Amino acid sequence: AGAILVDCSVEDGVKDLRAFISEQASAKGQFPGPCPVIQRGLASTLAQVAGAASSGVQGVCVSGAAGPNQDSLAQLVTG
């Protein structure tokens with residue numbers, strides 16, 4: 001796999017994300033090496049994107065359309 005995309009907007013999504021991050025961390029230094037883990041869902045504000053980054057994900061999918069409780073895409077990109 002080129003990457004692992006985990007949908008955190010579903011039940012147990014965050015639990016699954018943590019499991020994938022942990023499992024891929026155990027592959028570091030081995031062949032094949034770890035795949036990047038990318039979080040989908042639960043990342044519509046800068047604080048949520050920062051939280052995802054601190055959890056160990058290598059990427060976050062964000063929506064290009066801002067809603068009333070979302071930061072704009074420009075805010076998310078420029079931080």
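Buried here means under 20% relative accessible area, exposed means over 50%, and partly exposed sits in between (1.4 Å probe, protein chains only). What you're looking at is a predicted model, in which local features need pLDDT of at least 70, side-chain atom pairs count only at pLDDT 80 or more, and totals for chains, interfaces and linings use all residues. Residues are numbered from 1 along each chain as its sequence is written, and side-chain values use heavy atoms, with hydrogens and water left out.

**View 1. The whole chain has three helices and three strands.** Helices (H or I, at least four residues) and strands (E, at least two) are DSSP runs, numbered from the N terminus. Going along the sequence, the pattern reads β-α-β-α-β-α. Of the 79 residues in the protein, 25% are buried. Take the contacts (heavy atoms within 4.5 Å) between residues at least 6 apart in sequence: 48% of them join residues at least 24 apart.

**View 2. Three strands line up in an open sheet, in the order β1-β2-β3, with parallel pairing.** At the edges are β1 (4–7) and β3 (59–61), each pairing on one side only. Going from one strand to the next, the twist averages 25°; axes are lines fitted to C-alpha atoms, for helices over the stretch in contact, and angles run from 0 to 180 degrees between N-to-C directions. Strands count as paired if DSSP finds at least two bridges between them. There are four bridges between β1 and β2 (residues 37–40), and three between β2 and β3. On the β1 side, Ile-4 sits opposite Val-37 and Val-6 has Gln-39 as its bridge partner. Gln-39 also stands opposite Val-60 in β3.

**View 3. Helices link the strands in right-handed β-α-β units.** One unit is made of β1, α1 and β2; another consists of β2, α2 (residues 46–55) and β3. Right-handed means that, with the strands pointing away from the viewer, the path from the first strand over the helix to the second runs clockwise. Helix α1 (residues 13–25) lies across β1 and β2, at about 155° to β1. As for β2, its covered face carries Val-37 and Gln-39, while Ile-38 and Arg-40 are on the uncovered one.

**View 4. Gln-39 belongs to strand β2.** With a relative accessible area of 6%, this residue counts as buried. A polar atom of the Gln-39 side chain lies 3.1 Å from the backbone oxygen of Gly-41, which fits the polar-contact distance (N or O atoms within 3.5 Å; within protein, one must be able to donate a hydrogen and the other to accept it, and residues adjacent in sequence count only if both atoms are side-chain atoms). Leaving out residues up to four places away in sequence, Gln-39 touches Val-6, Cys-8, Leu-17, Ala-52, Val-57, Gly-59, Val-60 and Cys-61.

**View 5. Val-14 is found in helix α1.** Its relative accessibility is 33%, so Val-14 counts as partly exposed. Cys-8 and Leu-42 are the residues it touches, not counting those up to four places away in sequence. The C-alpha atoms of Val-14 and Gly-41 are 9.8 Å apart, with the two residues 27 apart along the chain.

**View 6. Confidence goes from a low in helix α3 to a high in β2.** The mean pLDDT (the predictor's confidence in each residue, from 0 to 100) is 83 for the protein, and 77% of residues reach 70 or more. Helix α3 (residues 73–78) has a mean of 66, whereas β2 gets 94. Where pLDDT is low, don't read the predicted coordinates in detail.
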